[in-house]
Amino acid sequence: MDDFLYKVQTRFLFHADIRIKIPAVCTDDQFDVLFDVLESIDSQYNSYRKGSYFDLINQHAGTFVMVDDETVRMLSLVKTLSSLFDGRYAITVMPLVRLWGFYRGDMHRTPSEADLARVLPLVDDNQIEIRGNAVRIAKGQEIVTGSFIKSYAVDRMMEKMREMGITDAIVNAGGSTIVALNDASHPFWQVSMDEPGTDMPLFTLNMANQAYSTSAQGDNFVEIGGKRYGHILNSQTGHPSTNRMVGVITENAMLGDMLSTGLFNETPTGFLMKIRQIQKQHPIEGFLMDEAGQIVQTAGLDAHKEPACRERAA
């Protein structure tokens, strides 16, 4: 596959470097079209962007807000997956994220049980109400789109690629989301990943018209009393997960991004049980690395493994 020629552009969106690799025969202005898709979704749906639909929902917590069909579709899928994980995955987690000091940097103690008891009732996606195109969250709630909006944008961009006649490409969105597009001339891409926080290779996966999504404890943490606490919080217990990494191969990036986040809060046994449950509805293979560095994986993951390296996941 080294005979194939490609061109690459990288731009910073969604707090990440988005790297698009397409065949060299493509024109440079096609990059602009593709990145425009990402920028449009960033401005309309990113909860961190003032005036986006999710920002308006947050700013008017306790009151119904009119949104578009895309927002409703995203929220409907989120609510379904949140129920699947019994609340261990929730996009209303922002009050808990703030409680742990991820937006302050001056934490001197872990949250008390009283703190958690006050905040955890707000972390509940069941309280997201959808009535037609009207959406309301409870007063005091706050949605954060970080676990799905970047990957949703990548999925939309891949749709645009296909419309443009591009059938061979790979997109790396900050290392946590990688999507492969393949045709008969180039049947698969290879994605290599390292152990979290290191340059030590873990393994390489073959991917064909699939998405690889990973959640890992890396550089995003708070340090309290000399101990680091990762940013992936268990919405049920209120505490950070102690696992080190989850990686999944799925049919699209948004689904994979949300599932890797939810699965991060599972025990190794729970991870395999939950994957089997998910496989009844969606094709998915993956692995979990626990706090001790031990890995459990689905039976089908070995079919994707290769020793070579093409595209690195952070």
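In this predicted model, a salt bridge joins the side chains of Asp28 and Lys7, with N and O 3.1 Å apart. Lys7 belongs to strand 1 (residues 6-13), whereas Asp28 sits in the loop between strand 2 (16-23) and helix 1 (29-45), so the bridge ties together parts that are 21 residues apart in sequence. Lys7 is partly exposed, its relative accessible area being 21%. That value falls just outside the buried class because buried means under 20%. The Asp28 pair belongs to a wider set, since a search of the whole structure finds 14 salt bridges.

A salt bridge of another kind of setting is found within a helix. Asp115 and Arg118 are both part of helix 5 (residues 113-119), where three residues, or about one turn of the helix, separate them. Residues three or four places apart point the same way, because an α-helix has 3.6 residues a turn. The closest N and O atoms of the Asp115 and Arg118 salt bridge are 3.8 Å apart. The two partners differ in their surroundings: Asp115 is buried, with a relative accessible area of 13%, while Arg118 counts as exposed at 53%. Elsewhere, Glu70, Arg73 and Arg156 are joined into one network by salt bridges that share partners.

Arg88 deserves a paragraph of its own. This residue is located in the loop between helix 3 (69-84) and helix 4 (94-99), and with a relative accessible area of 13% it is buried. Arg88 forms a salt bridge with Asp86, in which the closest N and O atoms lie 4.0 Å apart. Asp86 is partly exposed, at 47% relative accessibility. The side chain of Arg88 also makes a polar contact of 2.7 Å with the side chain of Glu266. Leaving aside residues up to four places away in sequence, Arg88 touches Leu233, Asn234, Ser235, Gln236, Asn265, Glu266 and Lys274.

Helix 7 (residues 253-263) offers a clear case of burial. Of its 11 residues, 11 are buried, so the helix is largely enclosed by the rest of the structure. The buried residues include Met254, Leu255, Met258, Leu259 and Leu263, together with the polar or charged Asp257, Ser260 and Thr261. At the start of helix 7, a side-chain oxygen of Asn252 comes to within 3.3 Å of the backbone nitrogen of Met254.

Attention now turns to the aromatic residues. The structure holds six aromatic pairs. One of them is formed by Tyr6 and Trp189, whose ring centres are 5.2 Å apart and whose planes make an angle of 50°, a tilted arrangement. This pair links distant parts of the chain, with Tyr6 in strand 1 and Trp189 in strand 8 (residues 189-194), 183 residues apart. Tyr6 is partly exposed at 22% relative accessibility, but Trp189 is buried at 3%. Together with Phe4, these two residues form one aromatic cluster. Tyr6 has a charged neighbour as well: Lys21 lies over the face of its ring, at 6.0 Å from the ring centre.

Phe203 and Phe287 form another pair. Their ring centres are 5.0 Å apart and their planes meet at 80°, so the pair is edge-to-face. Again distant parts of the chain are linked, Phe203 being in strand 9 (residues 201-207) and Phe287 in strand 14 (residues 285-289), 84 residues apart. Both Phe203 and Phe287 are buried. Over the face of Phe203 lies Lys305, at 4.5 Å from the ring centre.

Two loop residues stand out in their backbone angles. His15, in the loop between strand 1 and strand 2, has a positive phi, near 60°, in a residue other than glycine. His15 is exposed, with a relative accessible area of 62%. Asn209 likewise has a positive phi, about 50°, although it is not a glycine. Asn209 is placed in the loop between strand 9 and strand 10 (211-216), and at 39% relative accessibility it counts as partly exposed.

How values were computed
Residues are numbered from 1 along each chain as its sequence is written. This is a predicted model: local features need pLDDT of at least 70, side-chain atom pairs count only at pLDDT 80 or more; totals for chains, interfaces and linings use all residues. Side-chain values use heavy atoms; hydrogens and water are left out. Helices (H or I, at least four residues) and strands (E, at least two) are DSSP runs, numbered from the N terminus. Buried means under 20% relative accessible area, exposed over 50%, partly exposed in between (1.4 Å probe, protein chains only). A polar contact is a pair of N or O atoms within 3.5 Å; within protein, one must be able to donate a hydrogen and the other to accept it, and residues adjacent in sequence count only if both atoms are side-chain atoms. Contact means heavy atoms within 4.5 Å. Rings of Phe, Tyr and Trp (its six-membered ring) pair if their centres lie within 6.5 Å; planes under 30 degrees apart count as stacked, over 60 as edge-to-face and the rest as tilted. A charge sits over a ring if NZ of Lys or CZ of Arg is within 6 Å of the ring centre and within 35 degrees of the ring normal.
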